Structure formats: C-alpha cells, structure tokens
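Subject: Structure handover

Hi,

Here is the structure I said I would pass on. Please load it first, then read the notes below.

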Amino acid sequence: MSGERARCLIVSANQVVTPYPVYPLGAACLVAALKNDGHSVDHFDVLADGGLSRLARLLEGTTYTLVGVSIRNLDTVDSAAPNQFLSEIENTVQVIRNLAQTKLVLGGPAFSILPEQLMELLGGDYGVVGEGEILLPWLARELAAGKPPIEKVFYSEPSVGLWQPSDLTKSTAEYYLKHGGMLNVQTKRGCPHTCAYCSYPNIEGKKIRYRDPDEVAEEVLHLRNHSGAKYIFFADSYFNDHEGRYLKIAEALVDKKTKIPWCAFFRPENLGRSELRLLKQSGLAAMELGTDAGCDDTLAGMGKTFSFSDVLKVHNNVVQEEIPCAHFVMFGGPNEDERTLQEGLANIEKLEKSVVFAFAGIRILPDTTIYERAVSDGTVSYTHLRAHETRYTISYAVLCLKKGGGGGGGGGGGG
C-alpha cells in the first residue's frame, strides 16, 4: 500500500430489471479492493441511485482520477425478446465524458467477452479483462502518480486469495432487496468444464479457486445482519464442484447458524440424497439446474460430460428431498435434428414437479468451441466484429447456430 492514492468512482451501468435486477457483486468487490489499497472510492449504481441525471450531478460536484464502468450485459440473450443494451451503456459513458476530466476504465463480464470492440465503440482510456481486484488498484496508483500506462487493455491472471467482503452502499442494498429480494455471494471462481457455448472459463479462468468456507459464512452473516438480506444467491458458475468443496460451505453455514435461505446454479450430476440433505440443512431453498440439452446426443454436442440419465437421477433425488428446482434447456444447438428434438421433448416430460425454462437457439460467443464449429460449418462467415457492427448485428457476437433460428438463448447454470 505504497505510493499515491486516487479518487475513484465505480459505476454499475446495468439497467436490466427482467426477470429481476441483479446486485452488482463484481463492482462491490472492486470498491472493497480499492478502499483496502488506500484509495478514496464512490460507487454509483444507475438503477439504485437514480439514473443518469443523478450521475451527472455527482460528476459535476466531484473530480475523479478514474471512473470505472462495469458492464454486466450486452443483450437479453433471449430470441423471444431480443434487446441490446449497448445504447444504454453508450449514454452512460457519454454523461461521464461530458462532465468529467478523468480516465475512463471499462470492465465487467460483458467487457471481458469483447474487449477490443467495446474499447473502440465506447472510447475507453483503459480496460480490464477478467477480475480487477489487483489490476484496478494498481492502475489507480499509477494514474494518481502521474504515470499513465502506455498499454490500454490489461488481462488479469486468475489469482488465489484475492477475495474480500464486498462493499455495499446502503442505497444499493436497499434497492436490490426491494426489487430483487436477494443479495449475491461468490464461493469460488473459475470453471474446468468445456461446455461448447460458455464464456465462464474465458472470463474467470479454467481452474477453480476456492474461497475459505468460514469467510463465505461470515459474509452471509454480514449481509443478513448489516444489509438486511433475507435471501442469498451464490453466484458461482456452478455450486457443486467435483472436489466436493461446496459441502464445506454448507457445513460452515450450519456451524455459524446463518439461518438464511439460499439458491445457486448446479450441474445435474453427483448429487445424492445425503448431499442434498446437508445443503437443505444449510439453507438451500431452491436449485437452478444447468441441464442445457434434452438428450445424450445434444448433451454431447454441448460438450457436457453427463448424460440425461444422470439428469434424471439427480432430479429424482431433488424431488424426493422436496427441494424446488428449475431446469434450463436449450434447443437448436450442435447435433440437433428432428429426432433429437422429439427425444428431448419426451425427456423433458420426465422432469416432473419442476419448472423447465426452454430456449430456442444459442448465443455464439467468441473464443468458444461452438463459435469455432460455427465458423467451420460456414454458419458464421467472419471471425472478427468491428465496433460499428456491434450496434447493428443480432446482438454483439453472432447469430444463432441453426441457420434461420432465433437470436439466442441461455442456460441457467452450471458448467
């Protein structure tokens, strides 16, 4: 913690409220990291703090060394209701540019998917790809010392032990509890799986980095006691890791008597009734299962390592333990044809006593195996996307894998 200290503003630019607004956990972690490095930090949430007019008033009254804009979503990922959010992000950036003489730093999960295009489109001074708890405080020190780096986009190396409790403003906590009903906590980062469509390994790394279970339970208690949280969502790429470390989280929640209901994304494999009983004892109130496809052929096309019989086994265990659950399934992906479609629909009928969210079409993201396959098949005829195209294509990265299909869909969770 040596060197100059900066005055920083972190802006959570997300304005998506469907199906409910999602608490900006990444931005809150960055606020904590900057404060712990000695910097002065304000956090402005466009949803929670009154919109761009309020942001303008804040900028007119304060001078910042840097303003970081966290970009969570680029579109709805829903072919039934396609909508891009880039214009909203552009408006946010324009307010900052008009009113602040500062360095604009772009980041967030959506930025990490298309950093070069968004740097060009939004005119960022700097960008951080991946987690920013180490890079952003360093960049703030450099700027405060009058030593702006020549490099413009920085790529973080996945780090172990960088977590710290997220720093919530009162207005942010109150807004998301009122409108979404829950706050978020992360117990691990990274994903070792190779699901064909998924960008998690590119954003968080392919090796899982675990957080200390007692620290997780302490943060849950803090969110309950100090922020009024009545429900927690564990925002891991998927909760039930192959090493079984998720059970340590459950044990810590039981030991510390957190007594708060929670939900998470799960892979539908290796979940027996004894594991589910422990999770339920720790507060598990509902499960979102990343089933993703309806039969073995399409599961293989998605790069899944489990079969539909594994899905049914887990599903039956969940039902027997009386845990509410939802499955997320995508049609129109690799290996899909009329036969697999009919087989998938028949298999979904077996998922009794659950909710099934089915999507038609799959968003193709850069640097995924489904993208490589789509280029090889000729479904996608380009490998780069220029900034001016970002506004006008069907969403930001590409088309539906099945020619003539919808704009995209999305799996609910889990590796």
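Start with T187. T187 is buried, because its relative accessible area is 2% and the cut-off for buried is under 20%. Keep in mind that this is a predicted model.

T187 sits in a loop, with strand 7 (183-185) before the loop and strand 8 (188-189) after it. Its side chain makes a polar contact with the side chain of K188, at 3.4 Å. Setting aside residues up to four places away in sequence, T187 touches Y210, R211, V216, F234, D236, F239 and I249. One more pair to look at is T187 and D212. They are 25 residues apart in sequence, yet their C-alpha atoms are 7.8 Å apart in space.

Next, D241. This residue is in the loop between strand 10 (232-234) and helix 10 (246-255). D241 is buried but has no salt bridge. What is the nearest side chain of opposite charge to D241? That is K188, 4.1 Å away. The pair misses out because a salt bridge has to be within 4 Å.

The side chain of D241 does have backbone partners. One of its polar atoms lies 2.9 Å from the backbone nitrogen of R245. The side chain also reaches the backbone nitrogen of Y246, again at 2.9 Å. Beyond its neighbours within four places in sequence, D241 is in contact with K188, I208, Y210 and Y246. So K188 turns up in both stories: it has the polar contact with the T187 side chain, and it is in contact with D241. Y210 also appears twice, touching T187 and in contact with D241.

Now the sheet. Six strands form an open sheet, ordered 2-1-3-4-5-6, with parallel pairing. Strand 2 (40-45) and strand 6 (153-155) are the edge strands, each pairing on one side only. On average, neighbouring strands in this sheet are turned by 20° against each other, direction ignored. Strand 1 (residues 7-12) runs parallel to strand 2, and six bridges join the two. As one position to check, L9 stands opposite D42 in strand 2.

Last, the whole chain. How many helices and strands does the protein chain have? The count is 16 helices and 14 strands. The chain has 415 residues, and 57% of them count as buried. Among contacts with a separation of 6 or more, 76% are between residues 24 or more positions apart.

Best wishes

How values were computed
Residues are numbered from 1 along each chain as its sequence is written. This is a predicted model: local features need pLDDT of at least 70, side-chain atom pairs count only at pLDDT 80 or more; totals for chains, interfaces and linings use all residues. Side-chain values use heavy atoms; hydrogens and water are left out. Helices (H or I, at least four residues) and strands (E, at least two) are DSSP runs, numbered from the N terminus. Buried means under 20% relative accessible area, exposed over 50%, partly exposed in between (1.4 Å probe, protein chains only). Lys and Arg count as positive and Asp and Glu as negative; His and the chain ends are not counted. A polar contact is a pair of N or O atoms within 3.5 Å; within protein, one must be able to donate a hydrogen and the other to accept it, and residues adjacent in sequence count only if both atoms are side-chain atoms. Contact means heavy atoms within 4.5 Å. Two strands pair if DSSP finds at least two bridges between them. Axes are lines fitted to C-alpha atoms, for helices over the stretch in contact, and angles run from 0 to 180 degrees between N-to-C directions.
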